[in-house]
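Here is the note on the model that you asked me to look over, set out point by point.

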Amino acid sequence: MSTTAATATASAARTISPTRMFFRTSKPIPSMAHARSVFKQLGEYGEMVEYKFLRCPETQQYLKYGFVVYKDQQGAQNAASQQFIKVTSNLFDKPCDIKIEKSTYNNNNNNSY
């Protein structure tokens, strides 16, 4: 690999550090359109690479919480610095508040028996 390519790769590795965040909404999310308006607002704080509302396994209705992964730590910090993020959309009768915080999810499945 050339020196220039190696430098560019190393630089990209430093700037991209996906950060997973947990969020809760103040209102139920009855439809995909409502979920999109929440994610659109969360996207104002940084580029997202993944986002998901969790669903009830029995009813498949959206729950009032989920996860978002920002491409870099700066986007996650921008969102987390807000006390509450307001979603103002004509889909909601009143603005929906979002509380976002760093996820403590640990992907290590080290089970000791």
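The points below go from the overall fold to the core, then to one helix and one loop residue.

1. The model is a predicted one, and its protein chain contains three helices and five strands. Read from the N terminus, these elements follow the order α-β-α-β-β-α-β-β. Of contacts between residues at least 6 apart in sequence, 63% join residues at least 24 apart.

2. As to exposure, 28% of the 113 residues in the protein chain count as buried. The accessible surface of the chain is about 7,900 Å², and carbon and sulfur atoms account for 49% of that surface.

3. The largest nonpolar core is made of 21 residues, and those with the most contacts inside it are Phe23, Val38, Leu42, Phe53, Tyr70 and Ile100. Two or more residues of this core come from each of strand S1 (19–25), helix H2 (32–42), strand S2 (48–55), strand S3 (62–70), helix H3 (73–80), strand S4 (85–87) and strand S5 (96–102). The largest share is that of H2, which gives four residues.

4. Val38, which is among the core residues with the most contacts inside the core, deserves a look of its own. When its neighbours within four places in sequence are left aside, Val38 is in contact with Phe23, Thr25, Ile29, Phe53, Val87, Phe92 and Ile98.

5. In H3, the residues Gly75, Ala76 and Ala79 are buried. They lie on the same side of H3 because they cover an arc of only 100 degrees around the axis. As background, an α-helix has 3.6 residues a turn, so residues three or four places apart point the same way. The buried residues of H3 pack against S1, S3, S4 and S5.

6. The N-terminal end of H3 is capped by Asp72, of which a side-chain oxygen lies 3.2 Å from the backbone nitrogen of Gln74. Asp72 is also one of a pair with Glu47: the two are 25 residues apart along the chain, while their C-alpha atoms are separated by 7.7 Å.

7. Is Glu47, in the loop between H2 and S2, buried or exposed? Its relative accessibility is 52%, and because the cut-off for exposed is over 50%, Glu47 counts as exposed. Glu47 nevertheless has partners further along the chain, for when neighbours within four places in sequence are set aside, Glu47 is in contact with Val69, Tyr70 and Lys71. Of these partners, Tyr70 is also listed among the residues with the most contacts inside the largest nonpolar core.

How values were computed: Residues are numbered from 1 along each chain as its sequence is written. This is a predicted model: local features need pLDDT of at least 70, side-chain atom pairs count only at pLDDT 80 or more; totals for chains, interfaces and linings use all residues. Side-chain values use heavy atoms; hydrogens and water are left out. A nonpolar core is a set of buried Ala, Val, Leu, Ile, Met, Phe, Trp, Tyr and Cys residues joined through side-chain atoms within 4.5 Å. Buried means under 20% relative accessible area, exposed over 50%, partly exposed in between (1.4 Å probe, protein chains only). Contact means heavy atoms within 4.5 Å. Accessible areas come from the Shrake-Rupley method with a 1.4 Å probe; for residues, only the protein chains shown count as cover. The arc is that of the directions from the helix axis to the C-beta atoms. A polar contact is a pair of N or O atoms within 3.5 Å; within protein, one must be able to donate a hydrogen and the other to accept it, and residues adjacent in sequence count only if both atoms are side-chain atoms.
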